[in-house]
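Student: I would like to learn how the descriptive words used for a model can be checked against its values. Could we go through them one at a time?

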Amino acid sequence: ACQGASSSGRPLCSGLLALLAALHGGLREHADAARTATFLTLVLANLGLILVNRSWGRAGWRRGRSRNRAFRWGSMAVLALLALVLGTAPVRALFGFAPLDGATLLLCLLTAGAAVLWFELVKAADLVPRARLMQRREK
């Protein structure tokens, strides 16, 4: 369903898939929980996609230690705020979110991971034609 999505639309597709899975999985009666699951998936997928999109030359997990302090601090801030929003009842209520059970949290993590894996596969498929193009330009 999301195959033709642009790189900026992939996290949105991931969030939509998480929402559909949440609704199908029994959260239909609990709109707050479905909203929470969708939000969590979108945030995690965006962080993952930022990480893997930093280099088209190698896989995101092969980058080793990141030398990008801004990304490191920004990611930690996002994760801390996410924990605050989802883990503190008054703040969670302010956003209209609900606490999630372990299975739903796992679904969110897997869906965000699938978005990152999908992008890595797109990068891997694109690396061969890109390398050939670079070789032609050098000649």
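Student: Which backbone oxygen lies 2.8 Å from a polar atom of the side chain of Thr41?

Tutor: Please keep in mind that this is a predicted model. The atom in question is the backbone oxygen of Ala37, which lies 2.8 Å from a polar atom of the Thr41 side chain. A polar contact needs a pair of N or O atoms within 3.5 Å, and the 2.8 Å computed here satisfies that distance limit.

Student: Why is Thr41 called buried?

Tutor: Thr41, which is found in helix H2, has a relative accessible area of 0%. Because buried means under 20%, a value of 0% places Thr41 in that class.

Student: What makes the span of helix H3 close to the expected one?

Tutor: Helix H3 runs over residues 69-87, 19 residues in total, and reaches 26 Å from its first C-alpha to its last. The expectation at 1.5 Å a residue is 27 Å, so the span of H3 is described as close to it.

Student: How do you know on which side or sides of H3 its buried residues lie?

Tutor: The buried residues of H3 are Phe71, Ser75, Leu82, Val85 and Leu86. They cover an arc of only 95° around the axis, and therefore they sit on the same side of H3. These buried residues pack against helix H2 (31-52) and helix H4 (89-95), whereas the face turned away from them carries exposed residues, including Arg69, Trp73 and Leu81.

Student: What is found at the start of H3?

Tutor: There, a side-chain oxygen of Asn68 reaches to within 3.2 Å of the backbone nitrogen of Ala70, and this distance too fits the 3.5 Å limit for a polar contact.

Student: Which residues have the most contacts inside the largest nonpolar core?

Tutor: That core has 15 residues, and those with the most contacts inside it are Leu40, Leu44, Leu82, Leu86 and Leu100. The elements that give two or more residues to the core are H2, H3 and helix H5 (102-138), and H2 provides the largest share, with 6 residues. Leaving aside residues up to four places away in sequence, Leu86 touches Thr36, Leu40, Arg92 and Phe97.

Student: Which residues does UniProt list as "transmembrane region"?

Tutor: The unreviewed UniProt entry lists residues 38-56, 77-97 and 103-122. In the model, residues 77-97 are 86% helix and 0% strand, while residues 103-122 are 100% helix, with end C-alpha atoms 28 Å apart.

Note on methods
Residues are numbered from 1 along each chain as its sequence is written. This is a predicted model: local features need pLDDT of at least 70, side-chain atom pairs count only at pLDDT 80 or more; totals for chains, interfaces and linings use all residues. Side-chain values use heavy atoms; hydrogens and water are left out. Helices (H or I, at least four residues) and strands (E, at least two) are DSSP runs, numbered from the N terminus. Buried means under 20% relative accessible area, exposed over 50%, partly exposed in between (1.4 Å probe, protein chains only). The arc is that of the directions from the helix axis to the C-beta atoms. Contact means heavy atoms within 4.5 Å. A polar contact is a pair of N or O atoms within 3.5 Å; within protein, one must be able to donate a hydrogen and the other to accept it, and residues adjacent in sequence count only if both atoms are side-chain atoms. UniProt positions are given in the numbering used here, feature names are shortened, and annotations may be inferred rather than shown by experiment. A nonpolar core is a set of buried Ala, Val, Leu, Ile, Met, Phe, Trp, Tyr and Cys residues joined through side-chain atoms within 4.5 Å.
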